[in-house]
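Biologist: Please take a close look at a single part of this chain. I would like one connected account of a sheet and its surroundings.

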Amino acid sequence: MIRRAVLYLALIVSSLAKTYSQEVISGLQINTQLKSSFEDYRSSKNLAIDTVTLPLFDDFSGNSVFPDTRIWDDANVLINNTYSEKQITKGIATFDALDYKGNLYETANSAGFIADMLTSKPVDLNYSQSAGIWLSFLFEAGGLSDFPETADSLTLQFYSPEDNTWYSVWRSAGKENNGFKTVTIPITNPRWLKRNFRFRFTNYSSLSSTINDPAMAGNCDIWNLDYVYLNINRNEGDTVYNDVAFTKPVRSLLKRYESMPWKQFKQIYLQEMGSFIPVHYRNNDVIVRNVTRDFEIFDVHNRVQSHAFTAGAINVSPQTDIDYNANLVYTFNSDNPDSALFRIKCTLKTDEFDPKSNDTITYNQVFSNYFAFDDGSSEGGYGINGLGSRNAMFAGRFTSFMPDTLRAVAICFNDSYANANKRALDIMIWNDNNGVPGDVLYSKEDMMVENGSAINGFYNYSIPGGVRVNGIFYVGWKQRSETFLNAGYDINTPDKDRQFYWLNGSWNKSQVAGTVMIRPVLGLPIITGISDNVKKDPDQIRVWPNPASDYIRIDANEFPYTSSVYISVFDIAGRELLKVPYSEVIDISSLPDGMYIIVTRVNGRRTGFTRLIKSK
């Protein structure tokens, strides 16, 4: 189910001259995942060790978007599983033009600049020259995103403790390649064989010199790194990985949607429920390996295992990728009336000597009050740009399986350089006309591009009174200028002919491979003002489950979607242990068992609190 953004680079290059209007894909200027997670990274860094002993190994299969603080000393690269489809284990480290806070580097320019670094902690290499110390790694240029140009590069440097100097030992110039390449480097020079040896990877990037719209300047020159391994008793041919591992993410078990309203799913569950769990794994070894596949579906809100089964054991040939559909006889079921959350856990049982962090992969199947084709992760920006694009329109097609009320259109607009995409647009809703948008059901004119700060990067454009929908309908926008609006673009979910753009009097099927991040919000009215939101009794905010073990959910109707919403968790002594932006699921697994106070703040103002019991 992993898709390639085939037109990514071609669309950028063809659009920069700004001749005729067309669809355009750009790189991100801000990565909200990094921006919202940095405080957690800083806390984990305080627990890091001083010196690493051999072996040093990282396949970047952890759960954080930041590098493992036990191995690495900086936070610039993005740990992810979405910027490539050719990784040999789940997780890669992506080097790009965004800093550790997810912002485009202030030094970014078209002449070239130093971008991301990944620096090891001090490593104890106090060994003899005959110890057979080798460093190996896999690297890929571009992946599913922007390919670095020939003037760009990824470099490797070694640090000499005796003269406090970094030395370049390897470099790859930017060019398109086909997947990951293996590099092995011997470490025999006495200069490196010291207790405080270090090494670092650095990418050198450059913005396009032909971009004439600041809203289009963005992330570029992508490199992916995987399977970094440093140890003794190795040789040049030691490139065999005794490892069977998941590679790509597990995705939605629904046939069409990543997420959909819970009440709608309950109406058509037999029609929408998938019949298998798709997983992707690989035998990286040079011998046949036996692997057992186990699966679990867990009802997070009700804290019960809903379904579990094994797909049995199978022999996997060496150096082989497996795309497997595990037969599923099950339908999501919960007593919750308005929402549900299920955690899908897939596990490989492999030999004891295998690294275990890449043998488990999970996915949260969310049922809330919106339809979504995207996975919530923006890897680029989408817009219609160029001469003649004034009044251009974009529309995404959705299907309501029952009469319902459309309450808002949620759009993820990316942050742009100097707020260059802060422009006016009209929010539009259409009915269906033989497979393309038809009559306008609703328009909300002269809105501004807004960036969502709390709800997963989405901003809700509310619809007072709502619009009744049933069957196929379309949501989108009409732009009021010939400039780039920079909507979030998800590389990893396919278009499937459900996106359209309007130019020169006619609707056209979108030519981009991924999904523009736009979601219709349906159901009960959405609170839109703080005065309507603040409760008479602050104890009445709804938190569930309670008691909870790993996750909690707070009713989204507690908050105005147009505001900055934060959730804080205090212990009974009044110490703030956790503060996070509001999201669909709030992870409390790091907290010990006990009683806590949950406090909600909107735009810095406390709007409510309640008590929570954390218990395994």
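Modeller: What follows starts with the whole chain, then turns to one sheet, one of its residues, and a few points around it.

This is a predicted model. The protein chain has 616 residues, and 59% of them count as buried. Its secondary structure comes to four helices and 36 strands. Its accessible surface is about 24,800 Å², with 48% belonging to carbon and sulfur atoms. Take contacts between residues at least 6 apart in sequence: 77% of these join residues at least 24 apart.

Now the sheet. It is open and has five strands. Their order is β13-β19-β18-β15-β16, and the pairing is mixed. β13 (260–261) and β16 (304–316) are the edge strands, each pairing on one side only. In general, strands of a sheet pair through backbone hydrogen bonds, either parallel or antiparallel. Strand β18 covers residues 340–349, and strand β19 covers residues 360–368. These two pair in the antiparallel sense, over eight bridges. In β19, Y363 stands opposite I344.

Next, one residue of the edge strand β13: M260. Is M260 buried or exposed? M260 counts as buried, because its relative accessibility is 0%, and the cut-off for buried is under 20%. Which residues does M260 touch, leaving aside neighbours within four places in sequence? The contacts are L254, F265, I268, E272, V366, F367, S368, Y370, F371 and F401. A further pair is worth a look: M260 and F373. They are 113 residues apart in sequence, yet their C-alpha atoms are 9.0 Å apart in space.

Then the loop between β14 (276–283) and β15 (289–299). I287 is found there. I287 counts as partly exposed because its relative accessibility is 46%, which lies between the 20% and 50% cut-offs. Together with V240 and V286, I287 makes a nonpolar surface patch of about 240 Å².

Last, the cysteines. A disulfide is a covalent bond between the sulfur atoms of two cysteines. A search of the whole structure finds zero disulfides. C346 has a relative accessible area of 0%, so C346 is buried. C412 is buried too, with a relative accessible area of 8%.

Terms used:
Residues numbered from 1 in each chain as written. Predicted model: local features only at pLDDT ≥ 70, side-chain atom pairs only at ≥ 80, totals over all residues. Heavy atoms only, no water. Patch = residues over 30% accessible without salt bridge, like charges linked within 9 Å, V, L, I, M, F, W, Y side chains within 5 Å. Areas by Shrake-Rupley, 256 points an atom, 1.4 Å probe, with all protein chains shown as cover. Salt bridge = Lys/Arg side-chain N within 4 Å of Asp/Glu carboxyl O. Buried < 20%, exposed > 50% of the residue type's maximum accessible area, 1.4 Å probe, protein only. Disulfide = S-S within 2.5 Å. Contact = heavy atoms within 4.5 Å. Pairing = 2+ DSSP bridges.
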